[in-house]
Amino acid sequence: MCASNHTVDSGSSSRSRSEHPPLRCHCNQVAPLRTARFNGGRNAGRAFYGCSGWPDSCGFLRWVDEVDELRDMEDKLMEAATENAELRLQIDQLERRVRELLNASKNKQEQIEELAIESDVMRERMYSAYADRNSSSSSRWIW
């Protein structure tokens, strides 16, 4: 790596370590939380995760604020995935209920059709009985 005007402080930053659990670097080692101390640079005081041998090892460096943003996005993504799964479950339940109601409606429609047929049969019997009664009563009066 090229020489630069910087120092690394592995002490605590303004945030506690428990707020920022360490990441693993490219060497698969725990990358401790550190604070950059660039002489007059814009990143002076900025917290980062770096390889324990930084800057002469694998070169792993992740700024804490960027990691926090990623973790926030991951949390939001996880929340959205959970909400999506819950909504999918509700949709499945609603679709199942719609199928049940459609089947019930079909059964009711079949019952209505059967009752209509029975009604037609009963009406025909009534007309026939009425006609039989009228024809038999008129034949009694005929001499």
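With which residue does Asp65 form a salt bridge? In this predicted model, in which residues are numbered from 1 along each chain as its sequence is written, local features need pLDDT of at least 70, side-chain atom pairs count only at pLDDT 80 or more, and totals for chains, interfaces and linings use all residues. Side-chain values use heavy atoms, with hydrogens and water left out. The partner of Asp65 is Arg46, and the closest N and O atoms of the pair are 3.0 Å apart. A salt bridge is here a side-chain nitrogen of Lys or Arg within 4 Å of a carboxyl oxygen of Asp or Glu.

The protein chain contains 1 helix and 6 strands, where helices (H or I, at least four residues) and strands (E, at least two) are DSSP runs numbered from the N terminus. Read from the N terminus, the order of the elements is β-β-β-β-β-β-α. Of the 143 residues in the protein chain, 16% are buried; the term buried denotes under 20% relative accessible area, exposed over 50%, and partly exposed the range in between (1.4 Å probe, protein chains only). The protein chain exposes about 11400 Å², of which carbon and sulfur atoms supply 53%. These accessible areas come from the Shrake-Rupley method with a 1.4 Å probe, and for residues only the protein chains shown count as cover. Among contacts (heavy atoms within 4.5 Å) with a separation of 6 or more, 39% involve residues 24 or more positions apart.

In soluble globular proteins, nonpolar side chains tend to be buried together. The largest nonpolar core of the model comprises 9 residues, namely Cys25, Ala31, Leu33, Ala47, Tyr49, Cys51, Phe60, Val64 and Val67. Such a core is a set of buried Ala, Val, Leu, Ile, Met, Phe, Trp, Tyr and Cys residues joined through side-chain atoms within 4.5 Å. Two or more residues of the largest core are given by each of strand 5 (47-50) and helix 1 (64-141). Cys25, a member of this core, is situated in the loop between strand 2 (23-24) and strand 3 (30-31). Cys25 counts as buried because its relative accessible area is 7%. Beyond its neighbours within four places in sequence, Cys25 is in contact with Ala31, Cys51, Cys58 and Phe60. Between Cys25 and Ser57, 32 residues apart in sequence, the C-alpha to C-alpha distance is 9.7 Å.

A pair of aromatic rings is described by the distance of the centres and the angle of the planes. Rings of Phe, Tyr and Trp (its six-membered ring) are paired if their centres lie within 6.5 Å, with planes under 30 degrees apart counted as stacked, over 60 as edge-to-face and the rest as tilted. The search of the whole structure yields 1 aromatic pair. This pair is formed by Phe48 and Trp63 in an edge-to-face arrangement, with 5.7 Å centre to centre and 70° between the planes. Phe48 belongs to strand 5 and Trp63 to strand 6 (residues 61-63), so the pair ties together parts 15 residues apart in sequence. Both Phe48 and Trp63 are buried. Trp63 is also touched by Asn43, which in addition touches Ala36 and Phe38 when residues up to four places away in sequence are not counted. Asn43 lies in the loop between strand 4 and strand 5 and is buried, with a relative accessible area of 14%.

Side chains of opposite charge can pair when their charged atoms come close. The model has 5 salt bridges. In the bridge between Asp65 and Arg46, distant parts of the chain are linked: Asp65 is in helix 1 and Arg46 in the loop between strand 4 (33-38) and strand 5, 19 residues apart. Arg46 also forms a salt bridge with Glu66, for which the closest N and O atoms are 3.4 Å apart. Glu66 lies in helix 1 and Arg46 in the loop between strand 4 and strand 5, so this pair ties together parts 20 residues apart in sequence. Arg46, Asp65 and Glu66 are thus linked in a network of salt bridges. Relative accessibility is 33% for Asp65, which counts as partly exposed; Arg46 is partly exposed at 21%, and Glu66 is partly exposed at 40%. A further salt bridge joins Arg123 and Asp120 (2.9 Å, N to O). Both residues, Arg123 and Asp120, lie in helix 1, 3 residues or about one turn of the helix apart. Arg123 is partly exposed, with a relative accessible area of 36%, and Asp120 is partly exposed at 41%.
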